[in-house]
2 protein chains.
Amino acid sequence: MGKVSADINVSLDGFIAGPGARPGNPQGDTGARVHDWMKDTVGWRDRMGFPGGETNTDSEVVDEWFRSYGAVVMGRDMFDTGEVPWGDNPPFRAPVFVVTNRPRETFPRQGGTSFTFVTDGIESALGQARAVAGDKDVDVAGGASVIQQFLKAGLLDELQLHFAPVFLADGIRLFERMPPDLRLEPIRVIDSPHVTHVRYRVVKG
Amino acid sequence: MGKVSADINVSLDGFIAGPGARPGNPQGDTGARVHDWMKDTVGWRDRMGFPGGETNTDSEVVDEWFRSYGAVVMGRDMFDTGEVPWGDNPPFRAPVFVVTNRPRETFPRQGGTSFTFVTDGIESALGQARAVAGDKDVDVAGGASVIQQFLKAGLLDELQLHFAPVFLADGIRLFERMPPDLRLEPIRVIDSPHVTHVRYRVVKG
């Protein structure tokens, strides 16, 4: 069985999206800059269907992330803001389980992505994701609320933060009221002039 | 002339002290954990007058920090909360310039530390610190407000964040309403199982 892991870009002031994030403005005002380090990597560009890009340390981190998982869990807000911009061939290329209170038929897309809407909570979504991920990881894609829920419930094995050297000033915070007894251990750091990738193991028990 | 640099310990949720920080409880409830990585290093223990300690990567980072500066600037809240616990022989071992609205006579202490109270702003404090630092750096020790003021005024050359893998949930945030056009570049990363040290250059102009 693979790991349950989350990867997320975060600003130095702790935001994953700028103010006003919503469908039509998924990253919020100023929020795009937390993703700047990815946008020129060949790994990201390939997933987005763009030509070219750079092969470098950051691109290897993106490739590793995309190769690691066999299924994805995400929150409804992330799905709602992403549905239109992701288009017919979303970058996930794996089954995605969307935690929501709003039932909807499973939504198959191209390239291996499908969206299944799970209305009975994060543990159910995780169970369904594990069942299809096989030996690969389950990626908890976000947003902040779902990552917080997984951490607080002890369901996350690893968390990789990509610290972007930028400030957003306001927006959606990655961490809100996290329990101070939650313990993480940094297990790998990869750095470049654009971003610092720190992988943490969640210490259990 | 040396650099103007700040070094500060910060939790993953962006706090430098827990809730209720004040004289008598300088780190606030739960805030001590952001300093856990330092407390066993020989570099820190020596400065605090404690015997023993470990010589490791983290201790080298502490030694480098303490060796780098010839003068210190800090805010009044930091001085007020530290004055009693630092005792007769504070860990700075250099002239400290305290930015405050409250005039007070210069306060000499043992071991090379003195506290000079500067009532005409951060630029004046920096000028006085530079004048005594010679070729060494000026360390902007904190708290959060003074570091923010230096960053916003373009007076900081480098910022080293020591990311402690802990959550405080509440307290004093390192960054509040930072201008999104402020640009940093990570220039060195040192990691251990206890903390991730990332040094940033502040990109000017």
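Select B:Pro180 together with its surroundings, and the residues that B:Pro180 touches, leaving aside those up to four places away in sequence, turn out to be A:Arg33, A:Phe167, A:Leu168 and A:Ala169. Keep in mind from here on that this is a predicted model. B:Pro180 sits in the loop of chain B that runs between β9 (172-173) and β10 (183-191), and its relative accessible area of 24% makes it partly exposed. If B:Ala32 is added to the selection, a distance label drawn from C-alpha to C-alpha should read 30 Å, for a pair that is 148 residues apart in sequence.

**The interface between the chains**

Next, colour the two chains separately and show the residues at their boundary, where 30 residues of chain A are in contact with 30 residues of chain B. Which residues of chain A lose the most area to chain B? They are A:Leu12, A:Phe167 and A:Pro180, and together these three account for 24% of what the chain A side buries. The area buried between chain A and chain B is about 2600 Å², and carbon and sulfur atoms give 62% of it.

**A:Ala169 and A:Thr30**

From B:Pro180, step across to A:Ala169, one of the residues that B:Pro180 touches. A:Ala169 belongs to the loop between β8 (158-164) and β9 (172-173) of chain A, and although A:Ala169 is not a glycine, its phi is positive, at about 75°. Is A:Ala169 buried or exposed? With a relative accessible area of 15%, A:Ala169 falls under the 20% limit and is therefore buried.

Now select A:Thr30, which is placed in the loop of chain A between β2 (15-17) and α1 (36-39). Residues up to four places away in sequence aside, A:Thr30 touches A:Gly18, A:Pro19 and A:Leu168. A label from A:Thr30 to A:Asp170 should give 9.2 Å between C-alpha atoms, while the two residues are 140 positions apart in sequence. The relative accessibility of A:Thr30 is 31%, and A:Thr30 counts as partly exposed.

**A:Ser11 in strand β1**

Move on to A:Ser11, which lies in strand β1 (residues 4-11) of chain A. At 2% relative accessibility A:Ser11 counts as buried, and, with residues up to four places away in sequence left out, A:Ser11 touches A:Val34, A:Ala164, A:Val166 and A:Leu168. A:Leu168 is thus a useful residue to keep displayed, since A:Ser11 touches it, as do A:Thr30 and B:Pro180.

**The cis peptide bonds**

Select residues 142 and 143 in both chains and inspect the backbone. In chain A the peptide bond from A:Gly142 to A:Gly143 is cis, with omega near 0°, and A:Gly143 is found in the loop between β7 (137-142) and α6 (144-152). In chain B the bond from B:Gly142 to B:Gly143 is likewise cis, its omega also near 0°, and B:Gly143 has its place in the loop between β7 (137-142) and α6 (144-152) of that chain.

**Helix α4 of chain B**

Staying in chain B, select helix α4 (residues 76-86), whose buried residues are B:Phe79, B:Thr81, B:Gly82 and B:Trp86. What do the buried residues of α4(B) pack against? Their partners in chain B are β3 (69-75), β4 (95-99), β5 (107-108) and β6 (114-118). The helix is followed by B:Gly87, which has a positive phi, near 70°.

Further along the loop between α4 and β4 of chain B, stop at B:Arg93. B:Arg93 is not a glycine, yet its phi is positive, at about 55°, and its 36% relative accessibility places it among the partly exposed residues.

**Chain A as a whole**

Finally, zoom out and show chain A alone as a cartoon, where six helices and eleven strands make up the secondary structure. Its radius of gyration is 16 Å, close to the 17 Å that the globule rule gives for 205 residues, so chain A is as compact as a globular protein of that length. The C-alpha trace spans about 45 × 40 × 35 Å along its principal axes, and 51% of the 205 residues of chain A count as buried. Of the contacts in chain A with a separation of 6 or more, 61% join residues 24 or more positions apart. If a surface is drawn, the accessible area of chain A comes to about 8800 Å², with 48% belonging to carbon and sulfur atoms. For the charges of chain A, 22 positive and 28 negative, the mean positions are 2 Å apart.

Conventions: Residues numbered from 1 in each chain as written. Chains lettered and ligands numbered in written order. Predicted model: local features only at pLDDT ≥ 70, side-chain atom pairs only at ≥ 80, totals over all residues. Heavy atoms only, no water. Helix = DSSP H or I, 4+ residues; strand = E, 2+ residues; numbered from the N terminus. Rg over C-alpha atoms; globule rule 2.2 N^0.38 Å. Buried < 20%, exposed > 50% of the residue type's maximum accessible area, 1.4 Å probe, protein only. Contact = heavy atoms within 4.5 Å. Areas by Shrake-Rupley, 256 points an atom, 1.4 Å probe, with all protein chains shown as cover. Lys, Arg positive; Asp, Glu negative; His and termini not counted. Charge placed at Lys NZ, Arg CZ, Asp CG, Glu CD. Buried area = accessible area lost by both parts, 1.4 Å probe.
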